[in-house]
Amino acid sequence: MSTASTTPARSRDRSLLGTIIHQPYIWAVVALVLLLVINLVKDPGYLGVAVNPTTGNLSGNLIDLLRASAPVMMIAVGMTLVIATRGIDLSVGSVMAVSGAVSMEFMSNAGDGSVGTALAAAGLALAISAGLGAINGVLVSIVGLQPFITTLITMLAGRGLAKVITAGQNTSATNEPFRWIANGTVLGFPVVFVIAGVIVAIVAVFIRRSALGLMIESIGINPKAARMAGIRPIGILISVYVVSGILAGVAGIFSVASVMTVEVSKTGLAAEMDAILAVVIGGTSLAGGKFSLTGSVIGALLIATLDKTIVFLSIPSEATPAFKAAVIVVICLLQSQRVRALFARRRAKAAPTDPGAGSPRPTAPRKESVPA
Amino acid sequence: MFTTAQVRRIAAVAVAGAMAISLAACSGGSGSGSTDSAGSGSGDGELTTVGFVAVGPEGGWRTANEQNIQDSFSKENGFDLKYAPATNGDQNSQITAFTSFIDEGVDAIILSATEATGWDSVLKRAQEAEIPVVLLDRGIEPNDPSLYTSHIAPDNVGISASAAEWANAQFPSGAKYVVLEGPPGLSVVNDRNKGWDSTIDANFTKLESQSANWSTEDAKSVFETILKANNNDVQLVFAQNDEMGLGAALAVEEAGLKPGTDVKIITIDGTKAALEALAAGRLSFVAEYNPLFGDTAIGVVKDALDGKTVESDIVVPSVTFDSPAAATEALPTRKY
């Protein structure tokens with residue numbers, strides 16, 4: 001897709017708005033704003049954030065939104081890197097369940113509600129998630145299996161593993177520090193969102209400040225050429241899947257910490273779909289290559305907003321999947337190069353007053369406004 | 001290309017069909033054969049083979065129910081139970097397990113369906129093979145009692161009606177309430193809605209009815225948004241299972257309200273976790289949906305194999321818990 005990562009030097013004299021408008025995720029931003037406006041129309045106080053008199057925390061729909069978007073954001077960032085290498089990671093939802101199952105089972109057996117137990121549980125969960133990611137990475141890079149098949153296997157095996165870990169039960173545990181991860185606040189902001197933001201920032205700096213991002217993209221664009229250029233794909237592929245596994249583990253911890261129960265058949269169910277959607281909405285092509293972490297983060301925010309809006313607008317539960325699908329299809333259509341070219345062509349034809357605009361080639365009009 | 005592919009597909013279907021029919025015929029013979037032996041020679045220690053098409057891990061209720069069935073149909077009781085849980089609640093995997101039980105020629109099949117619809121053709125095949133089918137918990141739609149031997153389940157309509165009666169008594173002047181339901185389309189969800197809607201007084205206002213997929217996490221997320229959308233002006237939640245009720249209680253606490261006082265929460269199922277929450281005052285009313293009916297199922301399967309007439313609809317009695325005291329009393333002996 002178009003440029004998302006490297007901003008050309010010329011853009012300095014363009015306004016910030018101009019830069020943003022030419023990002024592939026602009027329609028996700030528009031849709032996000034639109035959803036918030038729709039919520040505002042239903043309730044003018046929607047965006048209000050106030051201090052809850054009983055709990056002393058900031059509370060409001062925006063806070064709920066940030067909290068709900070954190071797990072999606074985690075898996076979406078991992079998924080972005082995997083997709084950039086022309087892969088896909090279908091196992092993220094199951095890894096979430098495994099990570100949740102491991103941490104809950106550990107804490108319910110450890111019994112005490114100390115910080116140490118919480119940290120140990122989280123550490124163990126992340127280690128096992130990383131292990132599952134490593135299995136994916138090894139099978140894809142060294143054995144050379146299709147990423148789709150490989151991660152499909154881990155997806156099925158992972159949920160089975162989660163059920164084995166808790167013996168098919170929905171294990172609950174009591175641990176205040178662990179619960180704080182999902183329900184607490186730092187300076188009024190939800191802890192989950194702060195952690196998610198920090199992790200995204202670390203990944204972004206690591207990927208974009210080093211050559212790693214370029215290597216990932218080059219593998220996705222042309223693996224053969226990348227190898228010829230001296231990039232070793234095995235190490236990079238394994239680390240990309242490991243990162244995706246760890247981030248899914250973090251998402252799993254977020255997800256179970258919010259209710260302090262792991263629901264083995266429901267935690268992280270269909271989460272891979274949300275992650276892939278967030279990535280696609282964010283403007284990263286499933287064909288691999290160029291990727292946009294910012295886009296995926298916005299995509300994750302959009303998915304969470306969409307889920308919350310459905311409830312806020314009281315859309316009947318029978319219609320929710322259709323509503324979600326409709327919104328996503330519209331965004332994907334708006335992003336599609338071909339559809340945009342079609343609109344541009346029609347506009348060029350409909351404007352005969354300006355014959356100097358040249359031939360109505362799809363690439364000619366570079367303006368990003370929509371007629372719709 | 002297209003036509004050859006089509007011809008090939010038709011041929012494949014025809015061959016598969018022929019195989020299925022011949023297999024069904026075989027199993028029919030062997031099925032009735034072993035039925036005789038089970039009927040006459042149960043004292044000889046020969047085991048009756050029963051296929052259990054189950055749902056698998058889903059929640060506390062399901063675990064208790066399936067464990068109870070597996071414990072009841074034990075070798076000591078003269079049964080060889082083959083347990084086939086669905087893969088992630090997928091109906092297709094259940095249909096596959098069901099047909100392979102027919103092909104194997106088991107003596108009887110017990111079925112806990114994940115979805116109500118789509119069972120007609122396989123049930124007809126079981127009928128042709130003369131294998132009695134006992135439905136547990138979830139029924140089938142359209143409900144045709146000629147397709148199965150018996151349906152054993154607690155009465156969903158009656159249970160949710162009793163919950164609504166309690167709500168009517170608690171709020172004589174009405175209240176604003178929210179329903180947290182399971183995935184749309186399930187017969188349980190329809191029945192629990194039916195019992196509630198037909199019994200709840202007209203002065204109650206239904207603010208919303210949203211699906212939270214039987215899940216604590218979803219219920220918490222859904223209910224926190226509903227509370228915000230209604231400025232916390234919700235007095236009653238009818239959660240169609242325990243897990244969702246517990247999620248709603250978490251959302252209520254998060255909003256700085258007190259579950260049980262500011263928002264009363266009704267749940268159905270009666271698992272241990274829910275009774276503990278009721279004893280602690282976080283839930284207000286728990287209606288049991290009794291999962292322990294393995295003994296009833298054994299009786300039905302034995303009667304059906306002996307050729308006795310069996311009642312086609314058997315209701316499992318369930319109780320309700322309306323106070324922390326009642327929950328505390330029931331907790332020590334709670335099996336699930």
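Chain B contains 11 helices and 12 strands, where helices (H or I, at least four residues) and strands (E, at least two) are DSSP runs numbered from the N terminus. Chain A has 15 helices and 4 strands. This is a predicted model, in which local features need pLDDT of at least 70, side-chain atom pairs count only at pLDDT 80 or more, and totals for chains, interfaces and linings use all residues. Residues are numbered from 1 along each chain as its sequence is written, while chains are lettered from A and ligands numbered from 1 in the order in which they are written.

**Confidence**

- For the complex, the predictor reports an ipTM of 0.82 and a pTM of 0.81.
- The mean pLDDT of chain B is 85, and 87% of its residues score at least 70; pLDDT is the predictor's confidence in each residue, from 0 to 100.
- Among the elements of chain B, strand E8 (residues 236-239) has the highest mean pLDDT, 96, and helix H1 (residues 2-40) the lowest, 47.
- Residues 17-44 of chain B stay under 50 in pLDDT, and the model has 32 contacts beyond four places in sequence for them; a contact requires that the C-beta atoms of two residues, placed from the backbone, lie within 7 Å.

**Overall form of the chains**

- Chain A has a radius of gyration of 22 Å, which agrees with the value near 21 Å for a compact globule of 372 residues; the radius is taken over C-alpha atoms, and the globule rule is 2.2 Å times the number of residues to the power 0.38.
- Along the principal axes, the C-alpha atoms of chain A fill a box of roughly 75 × 60 × 40 Å.
- Of the 372 residues of chain A, 48% are buried; a residue is buried if 20 or more other C-beta atoms lie within 10 Å of its own, exposed if 12 or fewer, and partly exposed in between, with C-beta atoms placed from the backbone.
- In chain B, 50% of the 336 residues count as buried.
- In chain A, 75% of the contacts with a separation of 6 or more are between residues 24 or more positions apart.
- For chain B, 77% of the contacts between residues at least 6 apart in sequence join residues at least 24 apart.

**The sheet of chain B**

- Six strands form an open sheet with mixed pairing, in the order E7-E6-E8-E9-E10-E12; two strands pair if DSSP finds at least two bridges between them.
- Strands E7 (205-211) and E12 (320-321) of chain B stand at the edges with a single partner strand each, so one side of each lacks a neighbour in the sheet.
- Helix H9 (residues 272-279) of chain B packs on this sheet and touches strands E9 (264-269), E10 and E12 of chain B, its direction making about 150 degrees with that of E10(B); axes are lines fitted to C-alpha atoms, for helices over the stretch in contact, and angles run from 0 to 180 degrees between N-to-C directions.
- Strand E10 (residues 285-288) of chain B runs antiparallel to E12(B), and 2 bridges join them; B:Ala287 stands opposite B:Thr320 in E12(B).
- E6(B) and E7(B) run parallel and are joined by 6 bridges, with B:Tyr177 having B:Lys206 in E7(B) as its bridge partner.
- Strand E6 (residues 176-181) of chain B has 5 of its 6 residues buried, so E6(B) is largely enclosed by the rest of the structure.

**Helix H7 of chain B**

- H7(B) has 14 residues and reaches 20 Å from its first C-alpha to its last, close to the 20 Å expected at 1.5 Å a residue; the expected span is 1.5 Å times one less than the number of residues.
- In H7(B), 14 of the 14 residues are buried, so this helix is largely enclosed by the rest of the structure.
- B:Lys228 lies in H7(B), which covers residues 216-229, and is buried with 23 other C-beta atoms within 10 Å.
- The C-alpha atoms of B:Lys228 and B:Ala255 are separated by 8.7 Å, although the two are 27 residues apart along the chain.
- Just after H7(B), B:Asn231 adopts a positive phi of about 50 degrees.

**Helices H5 and H13 of chain A**

- Helix H5 (residues 115-143) of chain A has 29 residues and reaches 41 Å from its first C-alpha to its last, close to the expected 42 Å.
- A:Gly144, just after H5(A), takes a positive phi of about 80 degrees.
- A:Ile310 belongs to helix H13 (residues 293-312) of chain A and is buried, with 22 other C-beta atoms within 10 Å.
- Beyond its neighbours within four places in sequence, A:Ile310 contacts A:Ile315, A:Thr320, A:Phe323 and A:Lys324.
- A:Ile310 and A:Pro321 are 11 residues apart in sequence, with a C-alpha to C-alpha distance of 9.6 Å.
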